[in-house]
Amino acid sequence: MPVTVVTDSSACLGADLAAEAGVLVAPLHVFVDGVDLREGIDPIPEDFAARGPVTTAGASPGELTRLYEDALNRSRGAGVVAVHISRGLSSTWEAARHAAAELGDRVRIVDSTSAGMGLGYAALAAARAAARGDTISAVYDTAVEVGRRSRSFIMVDRLDHLRKGGRIGTAAALVGSALAMKPVLNLIDGKLVLGEKARTSTKALGKLVDAAHRVAGDETVALTVHHMQAPDRAEVVAGLLRVRIPQVSELRIVPFGAVLGAHVGPGAVGVVVCPEP
């Protein structure tokens, strides 16, 4: 049996794509009205972001241990590669490290240094390598390399959600909020960094496309446009990307999951650029 690949729900793969690729998904947690909801398993109200304070939590060591044990059984000794959200954004990687320590070297943990489809592309690439019959070390190296090569950019209407969740510093949040600017953030080395700012959403979305175009260069790339309750904005960005970056192997429009959406806030749009190997 091939190596089994595990990821977490912040990858935004969706149940069908994960099942098709043979990837097991650990649910992260959203607390809405004081109720713990598991992303991808429990129904989450569409208006959850408007229901007062919403908090999130990573997967626990116990949850991950059980999932890794299931994955080990499926692999029949070939091993497990677990590709998770950046340790700079979530406690999940640290929990994964503790869970893997209990199971020995049969489980390898990858910090994707990303989230959303930046993580998703790494997990899918690892799953393809596993399906080819690659060793656990080769599958691990594939996930690391794809995570390293992918780049993510996010435009948010306000930085309040990220500041309250501790995903960006207070000083950066105050600078980004000055004069009602629309900030564009870069995910660099697994952490969100304030990049450019624009006075309107239209200009900010244009800067988002510019950033993706610069990263893509002349390479063939896979693209994902994420959004948080902003499908019209996502369609506009996707259309601009098709014009600016013609060498695209695939272009997906994928809503942010509830965990990521709780931090970026309504109106946010992200672009993930993944160069083809």
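C12 sits in the loop that runs between β1 (4-8) and α1 (15-21). This is a predicted model, and in it the phi of C12 comes out near 60 degrees, a positive value in a residue other than glycine. Most residues other than glycine have a negative phi. How much of C12 is accessible, and does that make the residue buried or exposed? Its relative accessibility is 12%, and the cut-off for buried is under 20%, so C12 counts as buried.

A second loop residue makes a good companion to C12. D189 lies in the loop between β9 and β10, and its phi is near 50 degrees, again a positive value in a residue other than glycine. The hairpin of β9 and β10 has 2 residues between the strands, and D189 is where that positive phi is found. Is D189 buried or exposed? With a relative accessible area of 73%, and with exposed meaning over 50%, D189 is exposed.

From that hairpin we can walk into the strands. β9 (residues 182-188) is mostly covered, as 6 of its 7 residues are buried. On one side of the story is strand β10 (residues 191-198), which pairs with β9 in the antiparallel sense over 6 bridges; here N186 stands opposite V193 in β10. β9 also pairs with β8, antiparallel once more, over 3 bridges. Two residues of β8 help to place that pairing: I154 stands opposite L185 in β9, and M155 has V184 as its bridge partner there.

Strand β8 (residues 151-155) deserves a closer look. Why is β8 described as largely enclosed by the rest of the structure? Because 4 of its 5 residues are buried. Besides β9, it has another partner: strand β13 (residues 269-275) pairs with β8 in the antiparallel sense over 5 bridges, and F153 finds its bridge partner V271 in β13. In a regular strand the side chains alternate between the two faces of the sheet.

The pairings can be set side by side:

| Strand pair | Sense | Bridges |
|---|---|---|
| β8 and β13 | antiparallel | 5 bridges |
| β8 and β9 | antiparallel | 3 bridges |
| β9 and β10 | antiparallel | 6 bridges |

Away from these strands, H98 has its place in helix α3 (residues 92-101). H98 is partly exposed, with a relative accessible area of 42%. Computed along the sequence, so to speak, H98 and G62 are 36 residues apart, while their C-alpha atoms are 9.2 Å apart in space.

Now for the chain as a whole. How many helices and strands does the protein chain have? There are 10 helices and 13 strands. The radius of gyration is 18 Å, close to the 19 Å that the globule rule gives for 277 residues, so the chain is as compact as a globular protein of that length. Along its principal axes, the C-alpha trace spans about 55 × 45 × 30 Å.

Of the 277 residues, 51% count as buried. Among contacts between residues at least 6 apart in sequence, 74% join residues at least 24 apart. The chain exposes about 12,200 Å², and carbon and sulfur atoms supply 52% of that area. As for charge, there are 29 positive and 30 negative side chains, and the centres of the two sets lie 6 Å apart.

Note on methods:
Residues numbered from 1 in each chain as written. Predicted model: local features only at pLDDT ≥ 70, side-chain atom pairs only at ≥ 80, totals over all residues. Heavy atoms only, no water. Buried < 20%, exposed > 50% of the residue type's maximum accessible area, 1.4 Å probe, protein only. Pairing = 2+ DSSP bridges. Rg over C-alpha atoms; globule rule 2.2 N^0.38 Å. Contact = heavy atoms within 4.5 Å. Areas by Shrake-Rupley, 256 points an atom, 1.4 Å probe, with all protein chains shown as cover. Lys, Arg positive; Asp, Glu negative; His and termini not counted. Charge placed at Lys NZ, Arg CZ, Asp CG, Glu CD.
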